[in-house]
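Please open the model in your viewer and keep the selection tool at hand for a short tour.

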Amino acid sequence: MRLVRVIRSNPLVFSGVAIVGIFGIVAILADIMMPHDPWGYGQPFLAPSRLHLLGTNDVGQDIFSELLLGSRTSLLIGFSAGILAVVIGVFIGMIAGFRGGLIDNLLMGMTDVVLVIPALPLVILLTVYVRSNIWLIVAVIGLVSWPNTARVIRSQVLTIRQSGYVESARALGADDGWLMLRHILPNVMPLILAKFVLVVAVAMLMEASLSFLGLGDPSTKSWGMMLRYAYARGGFVRGLWWWYTPPGLCIGLCILGLMFISFGVEAKSDPRLKRVLDR
């Protein structure tokens with residue numbers, strides 16, 4: 001109920017949830033909504049018409065059906081990588097912030113090492129030498145995207161662990177596990193949600209970049225793969241805007257919705273950001 005109140009009371013979050021929610025519904029119902037088989041062949045390079053709303057590509061596949069099915073792959077990669085990155089980042093950030101001392105130094109040292117690794121070149125390097133598939137892309141993106149979350153969570157935990165109610169619970173005999181799960185984790189949830197949404201947006205951009213470079217999974221349909229084939233097979237040269245514009249717009253709109261959610265949720269826990277957004 002608290003999450004519903006946040007969504008309803010914040011126009012930015014509401015707009016973002018509406019945009020991402022529409023794409024989510026499309027991804028779930030893609031099999032029902034597709035007017036044609038996105039893998040079937042037909043007459044190539046057809047312009048938009050009543051039969052093919054966005055025309056056909058170079059092998060006669062219906063672009064509108066590709067777009068609907070591509071939403072599933074793009075969102076699946078984004079949200080899966082986001083979950084993986086946030087789970088790792090929250091675990092390391094909470095342990096480092098709560099324990100402090102040597103454990104904090106070791107975990108933050110490891111975080112700093114991962115943080116300076118250029119994520120996209122590393123992902124490109126791994127996908128070049130390992131057979132590309134969506135789960136490899138998810139794993140690699142998730143494993144290089146957690147350090148920022150870990151540092152932010154650790155900073156927040158350092159502040160919360162010194163608060164009066166945490167000290168009182170500790171004095172009453174609460175163990176460390178109870179303190180982290182019952183008192184600290186709920187207070188960092190807005191930051192976790194904001195960072196999760198941000199990682200999802202980054203993961204979707206990375207997937208689109210890899211696919212455009214020809215390093216995506218060719219056995220799947222995604223918005224990035226649609227842009228790749230439009231570029232490689234004459235869509236841009238021929239001016240077939242109905243081939244490359246829709247997936248580009250979908251990527252932009254989905255990331256815009258995710259950014260709205262991230263900024264709106266983070267503003268709830270950062271009064272300075274709220275004042276900037278209210279101007």
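**A stop at helix 3**

Begin by selecting M33, which sits in helix 3; helices here are DSSP runs of H or I with at least four residues, numbered from the N terminus. This is a predicted model, in which local features need pLDDT of at least 70 and side-chain atom pairs count only at pLDDT 80 or more, while totals for chains, interfaces and linings use all residues. Residues are numbered from 1 along each chain as its sequence is written, and side-chain values use heavy atoms, with hydrogens and water left out.

M33 counts as partly exposed because its relative accessibility is 37% (buried is under 20%, exposed over 50%, partly exposed in between, with a 1.4 Å probe and protein chains only).

Next, add I25, I28, L29 and I32 to M33, and you have a nonpolar surface patch with about 520 Å² of accessible area together. Helix 2 (11–28) and helix 3 (30–33) each contribute at least two residues to this patch. Patch members have over 30% relative accessible area and no salt bridge, and nonpolar side chains (Val, Leu, Ile, Met, Phe, Trp, Tyr) are joined within 5 Å, like charges within 9 Å. A salt bridge would be a side-chain nitrogen of Lys or Arg within 4 Å of a carboxyl oxygen of Asp or Glu, and the areas come from the Shrake-Rupley method with a 1.4 Å probe, only the protein chains shown counting as cover for residues.

Then move to F45, in the loop between helix 3 and helix 4 (63–99), where phi is near 55°, a positive value in a residue other than glycine. F45 is partly exposed, since its relative accessibility is 27%.
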